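Welcome, and thank you for taking a look at this structure. Here is a short tour through its pockets, sheets and aromatic rings.

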Amino acid sequence: MKDSLILFVLFAVSLFSLSVNGASPESWKAKDIRRFSAEEAFQGVCSDDQYFYAIEDRSVGKYRKETGGRIRLWEAAPESGILHLNSAMAADGKIYMAHSNWPNTPMLSSIEILDAKSLEHIGNISFGILYGGSLTWITQRKDGTRFACFCNYTDRGGVPGRDSNWSFIARLDQNFRPVESWAFPKDLVQKFDGYGASGGTFAGEYLCVSGHALGEIYVLEFPGAGSVLKWKATITAPFKGQAIDWNDKDQKFYATDRTKKEVVVFGVEK
């Protein structure tokens, strides 16, 4: 009897873990779980095991997942040179923030690093003008491989001769240097409405990206040949665009509704 109970529990756990990894994304449906007020919930949000971090242009708020209470606030000093935080990734006890000088040109980008516990600024990786785009997000796959998105813009913040079709996703090495890259499908770029992919995160094996204003998550796959990502599915979700984050422990997405200054937490159902 005891062995049967153990097998049943293991089976139930395996079913839960397959809620994303084992189901084809064409069948995913978002379910609104919880909403938290967060003054900084404008550009995006990232999360770790205990906290979520709401991101505004020049500030980050640290909030408890259980209560939604803010416990720390970081604000960029006026002389810091930090202008436009786009998103962030929580990893290794740090918050890696994608930063650019949007809408100024030439486009400048950097990764700004906070200590996740104290929210003190502890580092900077400057890309400058090297990669021909504005850094909008960074994310990390389960195996530790990092990816980043560099966007170009059709109108405001863009440069002559480069519209949104010039946006790309790059795989980074351990020193955050791009080593290969892929373009977005042209029909997906139209969804970005002249902007770019504002958010990106891995949900299991799938790369999920979000646009500037639509409540949609686009599930992408890397091609076996060529240089254009494959658009596999679209998930309608209860948020208003901008950066997103998948928390593998919670099996939930974290996103924002910038019109209400809220962090939105939602799961995925088959």
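## Pockets, sheets and rings

Five strands each give at least two residues to the lining of the largest pocket: strand 2 (44-47), strand 6 (84-91), strand 10 (134-140), strand 14 (199-203) and strand 18 (245-247). Strands here are DSSP runs of E with at least two residues, numbered from the N terminus. Please keep in mind that this is a predicted model, in which local features need pLDDT of at least 70 and side-chain atom pairs count only at pLDDT 80 or more, while totals for chains, interfaces and linings use all residues. Residues are numbered from 1 along each chain as its sequence is written, and side-chain values use heavy atoms, with hydrogens and water left out.

A pocket is an open set of points on a 1 Å grid over the protein atoms alone where a 1.4 Å probe fits, with protein on both sides within 12 Å along at least five of seven lines; its lining residues have an atom within 4 Å of a point. The volume is the space filled by probe spheres set on the points, which are joined across faces, edges and corners. The table sets out the two pockets.

| Pocket | Volume | Nonpolar lining residues | Polar lining residues | Charged lining residues |
|---|---|---|---|---|
| Largest pocket | about 500 Å³ | 12 | nine | seven |
| Second largest pocket | about 220 Å³ | four | eight | three |

In these classes, Ala, Val, Leu, Ile, Met, Phe, Trp, Tyr, Cys and Pro are nonpolar, Asp, Glu, Lys and Arg are charged, and the others, Gly among them, are polar.

Which residues come closest to the centre of the second largest pocket? Of the 15 that line it, they are Gln43, His84, Asn86, His212 and Gln242. The largest pocket has a volume of about 500 Å³. Of its 28 lining residues, Ala90, Gln140, Asp245, Trp246 and Asp248 are the closest to its centre.

Now to the sheets. Strands 14-15-16-17, in that order, make an open sheet of four with antiparallel pairing; two strands pair if DSSP finds at least two bridges between them. Strand 14 and strand 17 (230-236) are the edges, each pairing on one side only. Neighbouring strands in this sheet are turned by 30° against each other on average, direction ignored, using axes fitted to C-alpha atoms and angles that run from 0 to 180 degrees between N-to-C directions. Five bridges connect strand 14 with strand 15 (residues 206-210), and Gly200 has Val209 of strand 15 as its bridge partner.

Another open sheet has four strands in the order 2-3-4-5, again with antiparallel pairing. Its edges are strand 2 and strand 5 (70-75), and the twist averages 20° from one strand to the next. Strand 4 (residues 59-64) is joined to strand 5 by five bridges, with Ser59 opposite Glu75. Strand 5 also holds Leu73, which is partly exposed because its relative accessibility is 38%; partly exposed lies between buried, under 20% relative accessible area, and exposed, over 50% (1.4 Å probe, protein chains only). Leu73 and Glu40 are 33 residues apart in sequence, yet 9.3 Å apart in space, C-alpha to C-alpha.

Last come the aromatic rings. There are 21 aromatic pairs, counted when ring centres of Phe, Tyr or Trp (its six-membered ring) lie within 6.5 Å; planes under 30 degrees apart are stacked, over 60 edge-to-face and the rest tilted. Phe184 and Phe192 form an edge-to-face pair because their planes stand at 90°, with ring centres 5.5 Å apart. Both Phe184 and Phe192 are buried. Ring pairs also join Phe36, Phe52, Tyr63 and Tyr254 in a cluster.
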